[in-house]
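Dear colleague,

I am passing on the structure that we spoke about, and below it you will find notes on what turned up when it was examined. Please read them with the model open beside you.

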Amino acid sequence: MNDEKNAHGHAGPDWHEQVERAAARLLAGGVVAYPSETVWGLAAHPDHPAAIRRLYDLKGRDAQKPVQVSCLDRAAAQRLILPQPALARLERFWPGPLTVVTPARPDCPEDLAPGGRVGIRLPDHPVALALLERVGGLLATTSCNRSGQPAALTFEQARDLGLGDQVLPDGGYPALGVPSTVLLLPEGLILRAGVVSEAQVRAALTESA
């Protein structure tokens, strides 16, 4: 990987080429570390169950903890989820740091939707979005860290963990360092506090349709 850096300490403008290589790795069944606007993520392609299992092994993640699905846009997300009014009210937070765990369509793969629910997020980061665009709009993702340890917040931290076949640079857009808020639907329960406050979520959910 080209580690050339610009004056701001981030990888130079060749990140588009690196995304192309990372997409090819994912489509071939690899695992890639990538930046998002919250923390660094670790991704596998949903068409490769063996790659998703490897992602769990690399992290030492409990097999009972589902991964989330990062989606390029609303259209990609709708391929996985059942429509419900609450989702329309939450769209103001997408793309952005809100993960919603919601009922999945019957044809959603079991390894993405254990128990019939799938966690979806639409990241707001140019490198993550470019990667998603090149792999068909969906990636099975989790934070880039070993289980029980803090998530990587920089390219250097992600690289030093050595969890993926390739580590993408942030392209000059650093992570906030705070994870996404996780919301369970239809119950409306906050499973994890994050960037989007509970008050913001409640206000959106209680608005008139």
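The largest cavity in this predicted model has a volume of about 40 Å³, and the structure holds 1 cavity of 30 Å³ or more. Its lining is made up of Tyr34, Ser70, Pro123, Ala128, Leu131, Leu132 and Leu139, which by class comes to 6 nonpolar residues, 1 polar residue and no charged ones. Helix α5, residues 126-134, gives the most to the lining of this cavity, with 3 residues.

Ser70, which is one of the residues lining the cavity, also takes part in the sheet, where its bridge partner in β5 is Arg121. The strands β3 and β5 pair in the parallel sense, over 3 bridges. Taken as a whole, the sheet is open and has 9 strands with mixed pairing, and their order is β7-β1-β2-β6-β3-β5-β4-β8-β9. At its edges stand β7 (166-167) and β9, each of which has a single partner strand, so that one side of each is left without a neighbour in the sheet.

Turning to the pockets, the largest has a volume of about 800 Å³. It is lined by 36 residues, and those closest to its centre are Arg61, Pro66, Gln68, Thr142 and Arg192. Several strands of the sheet contribute here, since the elements that give two or more residues to this lining are β3 (68-71), β4 (98-103), β5 (117-121), β6 (138-143) and β9 (189-192). Of the elements, β5 gives the most to the lining of the largest pocket, with 4 residues. In terms of residue class, the lining of the largest pocket divides into 13 nonpolar, 16 polar and 7 charged residues.

The second largest pocket contains about 210 Å³ of space. The residues that line the second largest pocket are Pro49, Ile52, Arg53, Tyr56, Ala63, Gln64, Lys65, Pro66, Glu110, Asp111 and Pro114, and by class they comprise 6 nonpolar, 1 polar and 4 charged residues. You may notice that Pro66 is named in this lining and is also listed among the residues closest to the centre of the largest pocket.

As you may be planning work at the bench, the cysteines deserve a separate word. How many disulfides does a search of the whole structure find? The search finds 0, and the distances between sulfur atoms explain why Cys71 and Cys108 are not joined: the sulfur of Cys71 has its closest cysteine sulfur in Cys108, at 9.5 Å, which is too far for a bond, given that a disulfide requires the two sulfur atoms to lie within 2.5 Å. The same distance holds when one starts from Cys108, whose closest cysteine sulfur is that of Cys71. Cys71 counts as buried, at 0% relative accessibility, and Cys108 is buried as well, with a relative accessible area of 9%.

One last residue to look at is Ala203, which has its place in helix α7, residues 198-205. At 39% relative accessibility, Ala203 counts as partly exposed. Ala203 and Leu90 are 113 residues apart in sequence, while in space they are 9.7 Å apart, taken from C-alpha to C-alpha.

With best wishes

Note on methods: Residues are numbered from 1 along each chain as its sequence is written. This is a predicted model: local features need pLDDT of at least 70, side-chain atom pairs count only at pLDDT 80 or more; totals for chains, interfaces and linings use all residues. Side-chain values use heavy atoms; hydrogens and water are left out. Buried means under 20% relative accessible area, exposed over 50%, partly exposed in between (1.4 Å probe, protein chains only). On a 1 Å grid over the protein atoms alone, a cavity is a set of points where a 1.4 Å probe fits but cannot get out, and a pocket is an open set with protein on both sides within 12 Å along at least five of seven lines; lining residues have an atom within 4 Å of a point. Grid points are joined across faces, edges and corners, and a volume is the space filled by probe spheres set on the points. Ala, Val, Leu, Ile, Met, Phe, Trp, Tyr, Cys and Pro count as nonpolar, Asp, Glu, Lys and Arg as charged, and the others, Gly among them, as polar. Two strands pair if DSSP finds at least two bridges between them.
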